[in-house]
Amino acid sequence: MKALGATAALLGVLLLGVLSALAEPPVDFSGSWELDRSRSVLPSRASGMGGDMLLVIDHKGDLLKIDRRVSMMGMHRTAKAVFYTDGRENANTGLRGEKGLARAHWDGTSLVMEHKTTMTRNGRTVVVESKDIRRLSEGGRVLIVDSTVRDPDESGPEHFTLVFVKK
């Protein structure tokens, strides 16, 4: 009888450990991340421009908060965004006030983020779709963001990679 009780207790502890491990995200993106322009392949619209970008990420469980700080040509802009890594859709506002909807989900240790951003150009409404795949490299000291953007005003999708180094 004592052996049965001990076995049940051991199974309970193991089950609790497995459930808590499943609740944790596979990767923690928390930290301050500075864009490394020399290692990045910038989008065509930004490749000739100077400037800095800093991401400040707070990642707890399924909640991911990103403050994106951009300094370019004497201007400083900040956009705050919230994402849920369990696939829930969430609304955010971009650097220029554009409205967007986003979903995020895990693909192994990579976080896939899909965005639909609505903006007005020349008096008409345009929806730009993008997909970012975020992953850590070099022992968690480098954040790589592989992006694909589909803009109806462009001839085809644009692919670029942003590399950030943890500060």
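**Exercises on a predicted model: core, sheet and a buried arginine**

The largest nonpolar core of this predicted model comprises 22 residues, and those with the most contacts inside it are Leu 55, Ile 57, Leu 64, Leu 143 and Phe 164.

**Exercise 1.** Determine which elements give two or more residues to this core.

*Solution.* The elements concerned are β1 (31–35), β2 (52–60), β3 (63–72), β4, β6 (99–107), β7 (110–121), β9 and β10 (158–166). As general background, nonpolar side chains tend to be buried together in soluble globular proteins.

**Exercise 2.** Establish the strand order of the open sheet and identify the strands that stand at its edges.

*Solution.* Step one is the order: the 10 strands run β4-β3-β2-β1-β10-β9-β8-β7-β6-β5, with antiparallel pairing. Step two concerns the edges: β4 (75–84) and β5 (90–93) each have a single partner strand, so one side of each lacks a neighbour in the sheet. Step three is the geometry: on average, neighbouring strands are turned by 25 degrees against each other, direction ignored.

**Exercise 3.** Describe how β1 is joined to β2 and to β10, and name a bridge partner in each.

*Solution.* Consider β2 to begin with: four bridges join β1 to this strand, and the two run antiparallel. Gly 31 has Ile 57 of β2 as its bridge partner. Turn next to β10, which is antiparallel to β1 and joined to it by three bridges. Here Trp 33 is partnered by Lys 166.

**Exercise 4.** Characterise the pairing of β8 with β9 and state which residue stands opposite Asp 132.

*Solution.* Strand β8 (residues 124–137) pairs with β9 (residues 142–150) in the antiparallel sense, over nine bridges. Opposite Asp 132 stands Ser 147, in β9.

**Exercise 5.** Is Arg 134 buried or exposed, and which residues does it contact beyond four places in sequence?

*Solution.* Locate the residue: Arg 134 lies in strand β8. Its relative accessibility is 11%, and a residue under 20% is buried, so Arg 134 counts as buried. Its contacts beyond four places in sequence include Phe 29, Leu 55, Ile 66, Thr 109, Leu 143 and Val 145. Seen from Leu 55, Arg 134 again appears among the contacts, together with Gly 31, Trp 33, Leu 143 and Phe 164, among others.

**Exercise 6.** Assess the confidence of the model and find where the pLDDT is below 50.

*Solution.* The chain averages a pLDDT of 85, and 83% of the residues score at least 70. Over residues 6–21, however, the pLDDT is below 50, and this stretch has zero contacts in the model beyond near neighbours in sequence. Where pLDDT is low, the predicted coordinates should not be read in detail.

Note on methods. Residues numbered from 1 in each chain as written. Predicted model: local features only at pLDDT ≥ 70, side-chain atom pairs only at ≥ 80, totals over all residues. Heavy atoms only, no water. pLDDT = per-residue confidence, 0-100. Contact = heavy atoms within 4.5 Å. Pairing = 2+ DSSP bridges. Axes fitted to C-alpha atoms, helices over the stretch in contact; angles between N-to-C directions. Core = buried A, V, L, I, M, F, W, Y, C linked by side-chain atoms within 4.5 Å. Buried < 20%, exposed > 50% of the residue type's maximum accessible area, 1.4 Å probe, protein only.
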